[in-house]
Amino acid sequence: MSEIATRDDAIGAFDPRDAKVLAYLGFSPDDPRSRAVVAVARRYDLDPLLKHVIVLPKGGVYITRDGLLHIAHRSGQLDGIVVEQEPTLSDDGREWVARVSVYRRDMRHPFTFPGRYPVNGGNAAYAQEMAMKAAEAHALRRAFDVTGLPTLDDQRPEQPSRRVTAADIAPQ
């Protein structure tokens, strides 16, 4: 485990001894996003060196699927991950869809959630795998109470959105 994520000093504080390592990872002590990564790493005992938690330039702090797996294994309660539905194309052919169940030793029922990824998303060559990672991330986050922060694998590429107008929602 990296010392960066385990020190007991102030939330989001950087240790000057880590300056070169943090600079290598793209973190700056003056950047609030970098400080947020340190705070999240400390809160969940994650390691930024292992990419458990990262900052996306336009998106903020994200916990990766590997970070969620780390939390699950560390808890001692992970009892398995079962693929309920291999990635398949949605009815309209626009997305890959998968479903995963996460089992905990201390609970009777699994946490089962879907994951989706657009066929033509930013990682189209691995769209099926991305759908599976999204399903795992959803189920792991809920099974191990990692809330409030999106995970990288939950995120879907931006789709063009249509602006909703009053005419769209008002009765004719």
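Just after helix 3, G76 takes up a positive phi of about 80°. The model described here is a predicted one, and this glycine is a handy place to begin a tour of it. The helix that ends before G76 spans residues 65-75, and its buried residues are R65, G67, L68, I71 and A72. These residues cover an arc of only 160° around the axis, which puts them on the same side of helix 3. The spacing fits a general pattern: an α-helix has 3.6 residues a turn, so residues three or four places apart point the same way. The partners of this buried side come from several parts of the chain. Helix 2 (32-44) and helix 4 (127-143) pack against the buried residues of helix 3, as do strand 2 (60-63) and strand 3 (78-89).

It helps to place helix 3 in the whole protein. Five helices and five strands are present, and from the N terminus on they follow the order α-α-β-β-α-β-β-β-α-α. Of the 172 residues in the protein, 40% are buried. The accessible surface comes to about 10400 Å², and carbon and sulfur atoms account for 52% of that area. Contacts also reach far along the sequence: among those between residues at least 6 apart, 49% join residues at least 24 apart.

Charged side chains add further links around helix 3. In general, side chains of opposite charge can pair when their charged atoms come close. The protein has five salt bridges by the rule used here, and several of them involve helix 3 residues. One of these bridges joins E136 to R65, with the closest N and O atoms 2.5 Å apart. Since E136 lies in helix 4 and R65 in helix 3, the pair ties together parts that are 71 residues apart in sequence. Are these two partners buried or exposed? R65 counts as buried because its relative accessibility is 18%, under the 20% cut-off, and E136 is likewise buried at 13%.

R65 also meets its neighbour D66 in a salt bridge, at 3.4 Å from N to O. D66 is partly exposed, with a relative accessibility of 41%. Together, R65, D66 and E136 are linked in a network of salt bridges.

Another salt bridge brings in R74, whose partner is D45; here the closest N and O atoms are 3.9 Å apart. R74 belongs to helix 3, while D45 sits in the loop between helix 2 and strand 1 (53-56), so the bridge connects parts 29 residues apart in sequence. Both ends of this pair are partly exposed: R74 has a relative accessibility of 41%, and D45 has a relative accessible area of 24%.

Beyond G76 the chain continues to strand 3, one of the elements that pack against the buried residues of helix 3. Strand 3 runs antiparallel to strand 4 (residues 95-104), and eight bridges join the two. Within this pairing, Q85 has R99 of strand 4 as its bridge partner. As a general point, the side chains of a regular strand alternate between the two faces of the sheet. How many residues lie between strand 3 and strand 4 in their hairpin? There are five, and in the turn G93 has a positive phi of about 75°. The account thus closes on another glycine with positive phi, after the one just past helix 3.

How values were computed:
Residues numbered from 1 in each chain as written. Predicted model: local features only at pLDDT ≥ 70, side-chain atom pairs only at ≥ 80, totals over all residues. Heavy atoms only, no water. Buried < 20%, exposed > 50% of the residue type's maximum accessible area, 1.4 Å probe, protein only. Helix = DSSP H or I, 4+ residues; strand = E, 2+ residues; numbered from the N terminus. Arc of directions from axis to C-beta. Contact = heavy atoms within 4.5 Å. Areas by Shrake-Rupley, 256 points an atom, 1.4 Å probe, with all protein chains shown as cover. Salt bridge = Lys/Arg side-chain N within 4 Å of Asp/Glu carboxyl O. Pairing = 2+ DSSP bridges.
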